[in-house]
Amino acid sequence: MVEVTVTPQSSLADRPVQIRVRGLSPSQLVTLRAWLKDEQGACFQSRAFFHADEAGEVDPGLHAALGGSYSGVWPMGLFWFLQPDTLFRRLVKRDVAGSPYRVQLEVFDGLCMDTDPREQPLGSCEAERWYVGPGVQRVPIREGRVRGALFLPP
């Protein structure tokens, strides 16, 4: 059974996480895909191709991506290289305090350039990426023509 894990599963958006895939065959070629839907429902995704090591594991922090959205060793590459399915969209989080982005991570057998909805992943998991930590207070700022927000730690 193939297992995909993200540690920690819930974290602040600027904190690194560790992604690991276990249960693959040694040297198996796989596609690791990350995707999310923004607050307007637009889909953003990234993918990277890997060969599993001799233990049947993939760790983007140790193993080089062979191609896809990026190549080389990028521990956070699947998060950093998220691209919109629709051109000219930007990933912007408006409700920074109320909800996280929920990033789906999936692993597919072989090279998977375009995800067919009928194709089932070998394994998957979800990561929460928060923009405001627990207890942080958001204070709106309106002074003349200046608009902004002040975030105060607990």
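Mentor: Before we start, a definition: two residues are in contact when heavy atoms of theirs lie within 4.5 Å. Keep in mind that this model is predicted.

Trainee: Leaving aside neighbours within four places in sequence, which residues is Ser-10 in contact with?
Mentor: Ser-10 is found in strand 2. Neighbours within four places in sequence are left aside. That leaves Glu-128 and Trp-130.

Trainee: Which side chains make a polar contact with the side chain of Ser-10?
Mentor: Polar contacts here need N or O atoms within 3.5 Å. One pair joins the side chains of Ser-10 and Glu-128 at 3.1 Å. Another, at 3.2 Å, joins the side chain of Ser-10 to that of Trp-130. The partners are therefore the side chains of Glu-128 and Trp-130.

Trainee: Is Ser-10 buried, exposed or partly exposed?
Mentor: Buried is under 20% and exposed is over 50%. The relative accessible area of Ser-10 is 35%. That value falls between the cut-offs, so Ser-10 is partly exposed.

Trainee: How many Å apart in space are Ser-10 and Pro-100, C-alpha to C-alpha?
Mentor: In sequence, 90 residues separate Ser-10 and Pro-100. In space, the C-alpha to C-alpha distance is 8.9 Å.

Trainee: In which sense do strand 2 and strand 9 pair?
Mentor: Strand 2 covers residues 10–12 and strand 9 covers residues 123–130. Three bridges join them. Leu-12 stands opposite Trp-130 in strand 9. The sense of the pairing is parallel.

Trainee: What is the bridge partner of Val-103 in strand 9?
Mentor: Strand 8 spans residues 101–109. Strands 8 and 9 pair over seven bridges, antiparallel. The partner of Val-103 in strand 9 is Ala-127.

Trainee: Which residue stands opposite Ala-34 in strand 8?
Mentor: Strand 4 also pairs with strand 8. Six bridges hold that antiparallel pairing. Opposite Ala-34 stands Leu-105.

Trainee: How many bridges join strand 4 to strand 5?
Mentor: Strands 4 and 5 form a hairpin with five residues between them. Gly-41 in the turn has a positive phi of about 90°. The two strands run antiparallel, and Leu-32 has Ala-48 as its bridge partner in strand 5. The bridges number nine.

Trainee: Is Arg-47 buried or exposed?
Mentor: Arg-47 lies in strand 5, residues 43–51. Its relative accessibility is 9%. The cut-off for buried is under 20%. So Arg-47 counts as buried.

Trainee: Which residues offer a backbone oxygen to the side chain of Arg-47?
Mentor: One backbone oxygen lies 2.8 Å from a polar atom of the Arg-47 side chain; it belongs to Cys-112. The Arg-47 side chain reaches another at 3.4 Å, that of Met-113. The residues are Cys-112 and Met-113.

Trainee: Where is the residue that a cis peptide bond joins to Thr-7?
Mentor: Most peptide bonds are trans. Thr-7 and Pro-8 are joined by a cis bond, with omega about -5°. Pro-8 is found in the loop between strand 1 (3–7) and strand 2.

Trainee: What is the phi of Ser-27?
Mentor: Most residues other than glycine have a negative phi. Ser-27 lies in the loop between strand 3 (18–22) and strand 4 (29–37). Ser-27 is not a glycine, yet its phi is positive, at about 65°.

Trainee: Does Phe-88 count as buried or exposed?
Mentor: Phe-88 is found in the loop between strand 7 (83–84) and strand 8. Its phi is positive too, about 70°. Its relative accessibility is 82%, and the cut-off for exposed is over 50%. So Phe-88 counts as exposed.

Trainee: Now the whole chain. How many helices and strands make up the secondary structure?
Mentor: From the N terminus, the elements run β-β-β-β-β-β-α-β-β-β-β-β. The total comes to one helix and eleven strands.

Trainee: What share of the contacts with a separation of 6 or more comes from residues 24 or more positions apart?
Mentor: The protein has 154 residues, and buried ones make up 38% of them. The C-alpha atoms fill a box of roughly 60 × 35 × 25 Å along the principal axes. Among contacts with a separation of 6 or more, residues 24 or more positions apart account for 54%.

Trainee: How far apart are the mean positions of the positive and negative charges?
Mentor: The protein exposes about 9200 Å², with carbon and sulfur atoms supplying 53%. There are 17 positive and 18 negative charges. Their mean positions are apart by 12 Å.

Notes
Residues numbered from 1 in each chain as written. Predicted model: local features only at pLDDT ≥ 70, side-chain atom pairs only at ≥ 80, totals over all residues. Heavy atoms only, no water. Helix = DSSP H or I, 4+ residues; strand = E, 2+ residues; numbered from the N terminus. Buried < 20%, exposed > 50% of the residue type's maximum accessible area, 1.4 Å probe, protein only. Areas by Shrake-Rupley, 256 points an atom, 1.4 Å probe, with all protein chains shown as cover. Lys, Arg positive; Asp, Glu negative; His and termini not counted. Charge placed at Lys NZ, Arg CZ, Asp CG, Glu CD. Polar contact = N/O pair within 3.5 Å; in protein donor to acceptor, adjacent residues only side chain to side chain. Pairing = 2+ DSSP bridges.
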